[in-house]
Amino acid sequence: MCLAIPGKIVEILPGEYRSAVVEVAGVRRRVELGLIEDEHPAPGDWVLIHVGFAMSKISEQDAIDQMRMLALLGESEAAIEEVRGYSQ
Amino acid sequence: MRFVDEFREPELIRKAAEEIRRLADPARRFRLMEVCGGHTHAIYRFGLKDVLPANVELIHGPGCPVCVLPMGRIDDGLSMAGRSDVILTAFGDMMRVPGTQGSPLQHKARGRDVRIVYSPMDALKLAQANPDTHVVFFAIGFETTAPSTALTMMRARAQGTRNFSVFCNHVTIVPAIRAILDSPDMRIDGFIGPGHVSTVIGCRPYEWIAADAGKPIVVSGFEPLDILQGIVMLLRQLEHGEARVENQYTRAVPWEGNRAALGVIAEVFELRPYFEWRGMGFISQSALRVNDRYADWDAERRFNVPGLRVTDPKAAQCGEVLKGVLKPAQCKLFGRECTPEHPVGALMVSSEGSCAAYYNYEHRKSPAVIDLASMA
């Protein structure tokens, strides 16, 4: 919950509220974009995710570093389980 | 020297450890508090204590939202699960936290409808899919998760979903730091500031710590190098008698924070006059509640939540550990009545709780995952 999960935007979803399909370690789920609309998220962008919401845009290198950090902390499985738990 | 390749720039880790040894004047003792539970977890997992000289001590702070919630609030939340028309939803972290009548998971085992969600938005969707029930979301967390709860409530309001409400337990980190500084039994020389909370609030809210309390604070990332660099930056300030807010974690934390996230918090929530923290008592303006505009989505108003106050089990010393007055192993229950398998206090439940971290990495004598000390 407190450690951010990095993911890559695959597709921006249509609809009144901005959301996207985001891929995290091969798992694709829907993530809300309402908190980073000012950053104009687009497919191919990397984002940090907390509880189903993208919180900031980051570089690909930062995403790799963050994923490795989760692995070092032994939290990558929990992170992927969290992402799997988001609705499709 | 195993695992060295997994680190970002191992040479820099060596240099940071050397610099810490050089800066830590042996005639002084340095008590540095890491505020965030994520840091506590990392510090134990990476065995950072073994890298630091004996006179640089890390004190674990109150930054684990599951740990700081008093038992009365858990009972309050579970009181709603007693109703046949209610589905209580919570993050997985909450499920094993003991209330006086057992944890949410135990309530579920007794037939109450308690469900794990990974996102508040999924709790809202559950309500929309079950219009004949009422879905309560048990919201916890610091400023990292509060914006997501707020945006979900804005969505519920915009979509006219009335069978959804939030039991709000969001807390704010800065008043807790103030309470620690005001506590007569605490002496902290500087703070390692929280990483991901600061992506939302930025660095400005910490400025009073430097200006008024005269303590340096360095917002840091979670990798070993980040934490060691944060400590170097703190020791450099202390060497020169300075007290400033610095940002080690610039790759994730903008100085001004996330304005959109702060905006939705302001739209939905207001500060509570005071809120009880486990072991720390009532701290003024330290938590959020739902404002009047969103009253219809406030579970506390809809369900007449009893507002229970429950004292922790007498022998448990969660409060002293939370404030950093006691080390986890100095609590009478540690490792005996209270273990990760059978937690008495919340600090033993969450991986970010200092008791669970201490138990897993020190008490069980499992070696730190990375032998940092041999590198440094």
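This report describes one pocket and two helix pairs in chain B of a predicted model.

## The second largest pocket

The second largest pocket holds about 420 Å³ of space. Its lining is made up of 20 residues. Those that lie nearest the centre of the pocket are T172(B), V174(B), P175(B), L271(B) and Q285(B). Sorted by class, the lining residues comprise 13 nonpolar, 3 polar and 4 charged.

Four elements of chain B give two or more residues each to this lining: α8 (173-182), α12 (259-268), β10 (269-271) and β12 (281-284). The largest share, 5 residues, is contributed by α8(B).

## Position between two domains

Domain 1 of chain B covers residues 5-64 + 173-241, and domain 2 covers 71-170 + 257-302. Because both domains give residues to the lining, the second largest pocket lies between them.

## Packing of α7 and α12

Helix α12(B), one of the elements that line the pocket, packs against helix α7(B), which spans residues 146-158. The angle between the two helices is about 60°, and their axes are 8 Å apart. An angle of this value falls outside the ranges for parallel, antiparallel and perpendicular pairs, so α7(B) and α12(B) count as oblique to each other. Their crossing is left-handed.

## Packing of α1 and α11

A second pair consists of helix α1(B), residues 10-23, and helix α11(B), residues 224-239. These helices pack at an angle of about 25°, with 9 Å between their axes. Since angles under 35 degrees count as roughly parallel, α1(B) is therefore roughly parallel to α11(B). The crossing of α1(B) and α11(B) is left-handed.

Key:
Residues are numbered from 1 along each chain as its sequence is written. Chains are lettered from A and ligands numbered from 1 in the order in which they are written. This is a predicted model: local features need pLDDT of at least 70, side-chain atom pairs count only at pLDDT 80 or more; totals for chains, interfaces and linings use all residues. Side-chain values use heavy atoms; hydrogens and water are left out. On a 1 Å grid over the protein atoms alone, a cavity is a set of points where a 1.4 Å probe fits but cannot get out, and a pocket is an open set with protein on both sides within 12 Å along at least five of seven lines; lining residues have an atom within 4 Å of a point. Grid points are joined across faces, edges and corners, and a volume is the space filled by probe spheres set on the points. Ala, Val, Leu, Ile, Met, Phe, Trp, Tyr, Cys and Pro count as nonpolar, Asp, Glu, Lys and Arg as charged, and the others, Gly among them, as polar. Domain bounds come from an automatic or database domain assignment. Axes are lines fitted to C-alpha atoms, for helices over the stretch in contact, and angles run from 0 to 180 degrees between N-to-C directions. Angles under 35 degrees count as roughly parallel, over 145 as roughly antiparallel, 65 to 115 as roughly perpendicular and the rest as oblique. A crossing is left-handed if the near helix is turned anticlockwise from the far one by less than a right angle, and right-handed if clockwise.
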